[in-house]
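Welcome, and please open your viewer with the cartoon display switched on. We will go from stop to stop, selecting as we go.

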Amino acid sequence: MATLAAEVIPQSRSAVTHNILDAIGNTPLVEVDGIYCKCEFLNPSGSIKARIAHYIIARAEREGLLRPGDTIIEASSGNTGNALAMVAAVKGYKMQVVMPNGMSSARVAISRAHGAEVILTGDFHVNEALAIAEEYGRKPGYFCPRQFANEWNVEENRRWLGDELLRQLPAEARPDALVCGIGTGGTLIGLGQALRARNPDCQVIGLEPAESCTIACAEVGHHQIEGIADGFIPEIIRNHRNEVDGLISVASDTAIEEMRRLANEHGLLVGPSSGAHLVAARRIRENNPALKTIVTLFCDEGEKYLAEYYNA
Ligand code: PMP
């Protein structure tokens, strides 16, 4: 029998990483209720957005769109702002996050902790923040990643997250369906492209809150699944609409209940969007048992929701 140490202590890879950005990615793929769940909440900055922040900033530097001393400005409901603030801190850029009102207070505090300036708009949705960030982004000395429209977002999700996930899936597993919440749509479209490279029939299904199913039913409403459904149809989705096979909606209450169960029964301290993703994935399997291998994601960590949703 293997020793306890050999059983529980993983082999270390390289000893030292250059900086925290080198620790982005290589997140675990955990099977929960028979669904493959990519644990993106374990990235530095606590969400999937660490990847596009790192990728887009590196690309912008390489293409000369971002130079030392410049300011990065971006509209974000939270996670992208936090991730960009982390990248900006490491690389020495000034950072301004334009954020709608009503996001969890921890999101604002995290960006500020990394030295970013947070500009809060009066709106609950991201629209107003978007207009401000894009206006400043056109000025000299500013770079705006434009996450909702930027094809580099899709490209990252296909080439980095997508390739990584395909390497982790068991060799015999052909992904039958992907379900993913739509914030920018970058994860759904990019990861969908990657999974379709292995199985061209893979169903790519977008997730929206029931209270704000903007794409499926042209509704914009208040919801609690922070990080998705920002109040408009993002340009990435408009440009790739034919790559989306279906849409599913989950109510905020259901998402939060499932989020608590994930923490309680599975030790996964995640946010409401992760709860929504797992509920949606199970429903898709129930409605279509032929879809055996289903992939979804746990996009952000739960600590920043403790006050709002866990202890409520
Ligand atoms: N869940 C959470 C918690 C998020 O923050 C995001 C990104 N805003 C998503 C899901 C969806 O990601 P995307 O922007 O790629 O659509």
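The tour below visits a sheet, a helix, the ligand and one arginine.

This is a predicted model: local features need pLDDT of at least 70, side-chain atom pairs count only at pLDDT 80 or more, and totals for chains, interfaces and linings use all residues. Residues are numbered from 1 along each chain as its sequence is written.

**The sheet.** Select the open sheet of 6 strands, ordered S1-S2-S10-S7-S8-S9 with mixed pairing. Strands (E, at least two residues) and helices (H or I, at least four) are DSSP runs numbered from the N terminus, and two strands pair if DSSP finds at least two bridges between them. S1 (29–32) and S9 (246–250) stand at the edges with a single partner strand each, so one side of each has no neighbour in the sheet. Next, colour S8 (residues 203–209): 5 bridges join S8 to S9, and the two run parallel. Here Ile205 stands opposite Gly246 in S9.

**The ligand.** Now show the 17 residues that surround the ligand (C-beta atom, placed from the backbone, within 6 Å). The closest are Gly183, Thr184, Thr187, Gly227 and Cys299. Which helix gives the most to this shell? Select H7 (residues 186–198), which contributes 3 residues.

**Arg238.** Finally, find Arg238 in helix H9 (residues 235–239). Arg238 is partly exposed because 13 other C-beta atoms lie within 10 Å; 20 or more would make a residue buried, and 12 or fewer exposed, with C-beta atoms placed from the backbone. Draw a C-alpha to C-alpha distance to Ile215: the two are 23 residues apart in sequence and 9.7 Å apart in space.
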